[in-house]
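Please open the model in a viewer and follow the selections below in order. The tour begins with a sheet and proceeds outward from there.

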Amino acid sequence: MPQELVVISGKGGTGKTSLVASFAALAHKAVVADCDVDAADLHLVLQPTILQRTEFSGGKRARITRESCSGCAKCVTICRSHAIQRDPEMANRRSVTFRVDPIACEGCGVCAWFCPAKAIEFAPAVNGEWFISETRFGPMVHAKLGIAEENSGKLVTIVRSQAKALARERKLELVLIDGSPGIGCPVIASITGADLVLIVTEPTMSGEHDLGRAAELAHHFGIPTMVCVNKWDLNPEAAARIENRSREHGLQIAGRVRYDRGVVDAQINRKTVVEHLRNGCADDIRSVWAAVAHTLRCPGEPHAHANA
Amino acid sequence: MRIAVASGKGGTGKTTIAANLAKVASQDGRRVVYVDCDVEEPNGHLFLKPHIEERRAVGRPVPSVDLGKCIHCGKCGEICQFSAIISIRDKVLVYPELCHGCGGCLLVCPEGAISEVSREIGILETGTAGSIEFVHGLLNVGEVMSPPLIREVKAAAPDGDLVIVDSPPGTSCPVIESVREVDFVVMVTEPTPFGLNDLTLAVEMVRALQLPCGIVVNRAGLGDRDVYEYCADERLPILGEIPDDRRIAEAYSRGELACQAVDGYDAVFVKLLADIVLQEPAPRS
């Protein structure tokens, strides 16, 4: 059974994707899954070749057939998403008809069920696409949520399950998951039932605040959690405080990564940090990976450099 | 004027821009309202340090079934698109965390056996930071859906001369809920490949919503020039640039506002604010 490691952060922009890309280069035998489906960036560095693309339908959407609409406005009164408006193209006609605002529509179908004229179609919507790809480090599953679409959690679930199936098929031991910021629907979908969560934070008040909520979320779902402070030298006191508090809360420290402008250079060169840089923060990332890999192999047993 | 500060990519500086703009705008006598819609990870309060005057729980309606009246016809489960209510033999199972609160089960039940009860999803806090009126929400940890709380946060915001909505990162439902009905979207990006990729997604989103937007390049000087080329090609106005200055990052790490803590930045944000206000669309006639 392949293991799942999920990298999340609470706060955005702390370095999740740069870290996951480097892990992909360091971990042999892993499937990479980009679960940040509404702002995916991992493909920019891993440069996947898409082998298979599949449309994603996360739900249904209502559409009013103008010719059948009697203008009774029943739908307007029962729609709680305020998604039904007067059809602007019919504004100058004598009869009033209605249309569904596809962005406001949540796909509950209540309007279609109760429309006395049976004028509302309720059919599966295409909300995005997901891909099975090959990268220079192995297979990758990723996705693109359509513009202004819903159901990111369901798309995350598909990406995860496809990545896991691929790992089983190719006899790979690890699924490496890049999560999204926040603690809501897509993050919950990316961590439930995973083997290990790594929270990447930064030594700022925001980073510390958001780490607390992300750690609470991982705890809520009973997932073992490690913490990595990225750009630690931006504020060494805050970095130390975050690590101490994390230990007090039973979280394992995976290590620190120093601030290094080479991270952006690596991005511009479409390379992972560990490919692009010989030392500096690349060394830090290697040692964080060693700690994470150790915990995956021997859960519950602290690694040699835990408190270094 | 109501503006939203958004970005596709997280950590590009939304809160830095939003909080500094609120501060400089409040200094020249404007009535400023700061609305933090990032209910998953709100950070505005760390910088504005508001005095919270009111705190209340926010709930949303979920079904409650009176089994005495239920005839187990299964219609509730049939209409529910979210698998939040299922009728099996002599039981009706409700999964409140999956419920979208559409009210379909209530309407479809032929026996009137379903009523609604409120289930708490988060906390709403309002207060003041100097002369700035402040509103934010905190989603309960483990809660899946943030848009209903975001809606409440926006509804609780008083009117002002300048309403600044600090939006969550990304391009999906929580962001859409945050930026809807504003006059203008300030999109914060950084000049890196990740910044550009997520900016293009966010711009497509605001265009789908038919909202005007302009760009602020944060950490200017870092990375490459591709963001600038993209903005020129897409005719997106660059409203301002905030340089990649370690002093800003350090002030930020301590929870301080650059316009107060770092020399020269008061003027930078006053200028940015002036350029944003110029973007106010003419009232529709």
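Begin in chain B of this predicted model by selecting the open sheet, in which nine strands follow the order β3-β6-β7-β2-β8-β1-β9-β10-β11 with mixed pairing. Its edges are β3 (51-65) and β11 (238-243) of chain B, each of which pairs on one side only. From one strand to the next, the twist averages 20°.

Next, select strand β1 (residues 2-6) and strand β8 (residues 162-166) of chain B. Four bridges join these strands in the parallel sense. To locate the register, display A4(B), whose bridge partner in β8(B) is V165(B).

Now add the helices that pack on this sheet. Helix α5 (residues 147-156) of chain B touches β2 (32-36), β3, β6 (114-129) and β7 (132-139) of chain B. The direction of α5(B) makes about 165° with that of β7(B). Helix α11 (residues 265-277) of chain B also packs on the sheet, touching β1, β9 (184-189), β10 (213-220) and β11 of chain B. For α11(B), the angle of about 165° is made with the direction of β11(B).

Select helix α1 (residues 14-27) of chain B. What span should its 14 residues have at 1.5 Å a residue? The expected value is 20 Å, and the end C-alpha atoms of α1(B) are 20 Å apart, so the two agree. Of the 14 residues in α1(B), 13 are buried, and the helix is mostly covered. Continue along the chain to G29(B), which follows α1(B) and has a positive phi, near 90°.

Move to helix α9 (residues 246-253) of chain B and show its buried residues, which are I248(B), A251(B), Y252(B) and S253(B). Which elements do the buried residues of α9(B) pack against? They meet α7 and α8 (236-248) of chain A, together with α1 and α10 (258-261) of chain B. Just after α9(B), G255(B) adopts a positive phi of about 80°.

With chain A now in view, select the contact between the chains, to which chain A and chain B each contribute 52 residues. On the side of chain A that touches chain B, the elements giving two or more residues are β4 (59-64), α4 (110-114), α5 (152-169), α6 (185-191), α7 (205-220) and α9 (262-268) of chain A. Among these, α7(A) gives the most, with eight residues. Colouring this side of chain A by class shows 22 nonpolar, 19 polar and 11 charged residues.

Within chain A, select strand β13 (residues 252-257). Because six of its six residues are buried, β13(A) is largely enclosed by the rest of the structure. Strand β12 (residues 225-230) of chain A runs parallel to β13(A), and five bridges join the two. One pair to display is V229(A) with R256(A), its bridge partner in β13(A).

Finally, colour both chains by domain. In chain A, domain 1 covers 3-57 + 128-297 and domain 2 covers 59-125. Their C-alpha centres lie 41 Å apart. Across this boundary, four residues of domain 1 of chain A are in contact with five residues of domain 2 of chain A. The domain 1 side of that contact has one nonpolar, two polar and one charged residues. Chain B is divided into domain 1 (2-58 + 121-277) and domain 2 (67-112). The C-alpha centres of these chain B domains lie 40 Å apart.

Conventions
Residues are numbered from 1 along each chain as its sequence is written. Chains are lettered from A and ligands numbered from 1 in the order in which they are written. This is a predicted model: local features need pLDDT of at least 70, side-chain atom pairs count only at pLDDT 80 or more; totals for chains, interfaces and linings use all residues. Domain bounds come from an automatic or database domain assignment. Two residues are in contact if their C-beta atoms, placed from the backbone, lie within 7 Å. Ala, Val, Leu, Ile, Met, Phe, Trp, Tyr, Cys and Pro count as nonpolar, Asp, Glu, Lys and Arg as charged, and the others, Gly among them, as polar. The expected span of a helix is 1.5 Å times one less than its number of residues. A residue is buried if 20 or more other C-beta atoms lie within 10 Å of its own, exposed if 12 or fewer, and partly exposed in between; C-beta atoms are placed from the backbone. Two strands pair if DSSP finds at least two bridges between them. Axes are lines fitted to C-alpha atoms, for helices over the stretch in contact, and angles run from 0 to 180 degrees between N-to-C directions.
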